[in-house]
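Student: I have a structure open and some labels to test. Can we go through them one by one?

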Amino acid sequence: MTLRDAAMTARENAYAPYSGFKVGAALRGAGGGLFGGCNVENVAYPEGTCAEAGAIAAMVAAGETVIAEAYVVADSPEPVTPCGGCRQKLAEFAAPDVRVTLATTSGVETTTTVGALLPGAFGADHMDRG
Ligand code: THU
């Protein structure tokens, strides 16, 4: 299965009754495993949990903590880009050069990196005073 297939399949299960905007994400872990996620909204917090966060949770629950590649897909006119919080979450588990493909369901793709999505990311080094 490709990363796109995994993201498209996860997207079909998105629970987005408030926004009506279904998003799918998939990660390939350093060990080769694929992990999908979808957005899950709720009435109290209609923005819910993003697809990227769901994929990260699935990956970590499976015992993998290193992202080798990421893919995000939505039915949008232009490829959807991860929200600020998800950029930080991706940066927690991915090196800056890790490829992130942003896509539409109709097949438009744009490729970027974790570092380009979050330049100057806050990291553990910032808390290191020797
Ligand atoms: N959403 C994601 O799941 N990922 C993104 O990259 C952008 C936005 C979701 C959150 C919410 O359920 C809906 O899209 C509208 O913001």
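**Labels and their reasons**

Tutor: Start with a pairing: Val100 has Thr112 as its bridge partner in E5. Keep in mind that this is a predicted model.

Student: What makes E4 and strand E5 (residues 109-113) a pair?

Tutor: Two strands pair if there are at least two bridges between them. E4 and E5 are joined by five bridges and run antiparallel. So they meet the rule of at least two bridges. In their hairpin, four residues lie between the strands, and Gly107 there takes a positive phi near 110°.

Student: Which way does E4 run against E3, and how many bridges join them?

Tutor: E3 and E4 run parallel, with six bridges. One partnership in E4 is that of Arg99 with Glu69.

Student: Why is E4 called largely enclosed?

Tutor: Count its buried residues. Five of the six in E4 are buried, so the rest of the structure largely encloses this strand.

Student: How do you know that Arg28 and Glu69 form a salt bridge?

Tutor: The cut-off is a side-chain nitrogen within 4 Å of a carboxyl oxygen. For Arg28 and Glu69 the N to O distance is 2.8 Å. So the pair qualifies, at 2.8 Å against a limit of 4 Å. Arg28 is in strand E1 and Glu69 in strand E3, 41 residues apart.

Student: What makes Arg99 and Glu69 a salt bridge too?

Tutor: Their closest N and O atoms are 3.1 Å apart. That is within 4 Å, so the label holds. Arg99 lies in strand E4 and Glu69 in strand E3, so this bridge ties together parts 30 residues apart in sequence.

Student: How many salt bridges does a search of the whole structure find?

Tutor: Two. Arg28, Glu69 and Arg99 are linked in a network of salt bridges.

Student: Why is Glu69 called buried?

Tutor: Buried means under 20% relative accessible area. Glu69 has 13% relative accessibility, so the label fits.

Student: And why do Arg28 and Arg99 count as partly exposed?

Tutor: Partly exposed lies between the buried limit of 20% and the exposed limit of 50%. Arg28 is at 31%, and Arg99 is at 44%. So both values fall in that range.

Student: What makes Tyr15, Tyr18, Val40 and Val43 a surface patch?

Tutor: Take Val40 as the test. Patch members need over 30% relative accessible area. Val40 has 39%, so it clears that bar and is partly exposed. Val40 sits in the loop between strand E2 (34-38) and helix H2 (51-61). Together the four residues of this nonpolar patch have about 410 Å² of accessible area.

Student: Which members of the largest nonpolar core touch the most others?

Tutor: Leu27, Ile67, Val72 and Val100, out of 20 residues. E1, H2, E3, E4 and helix H4 (114-117) each supply at least two residues of this core. Another core, of seven residues, lies apart from it and includes Ala6, Tyr71, Val73 and Ala103.

Student: What does Ile67 contact beyond its neighbours within four places in sequence?

Tutor: Its contacts include Leu27, Ile56, Met59 and Phe93.

Student: Which residues of H2 are buried, and what covers them?

Tutor: Ala51, Glu52, Ala53, Ala55, Ile56 and Met59 are the buried ones. Their cover includes E1, E2, E3 and helix H3 (84-93). Just after H2, Gly63 takes a positive phi of about 95°.

Methods. Residues are numbered from 1 along each chain as its sequence is written. This is a predicted model: local features need pLDDT of at least 70, side-chain atom pairs count only at pLDDT 80 or more; totals for chains, interfaces and linings use all residues. Side-chain values use heavy atoms; hydrogens and water are left out. Patches are made of residues with over 30% relative accessible area and no salt bridge: like charges are joined within 9 Å, nonpolar side chains (Val, Leu, Ile, Met, Phe, Trp, Tyr) within 5 Å. Accessible areas come from the Shrake-Rupley method with a 1.4 Å probe; for residues, only the protein chains shown count as cover. Buried means under 20% relative accessible area, exposed over 50%, partly exposed in between (1.4 Å probe, protein chains only). A nonpolar core is a set of buried Ala, Val, Leu, Ile, Met, Phe, Trp, Tyr and Cys residues joined through side-chain atoms within 4.5 Å. Contact means heavy atoms within 4.5 Å.
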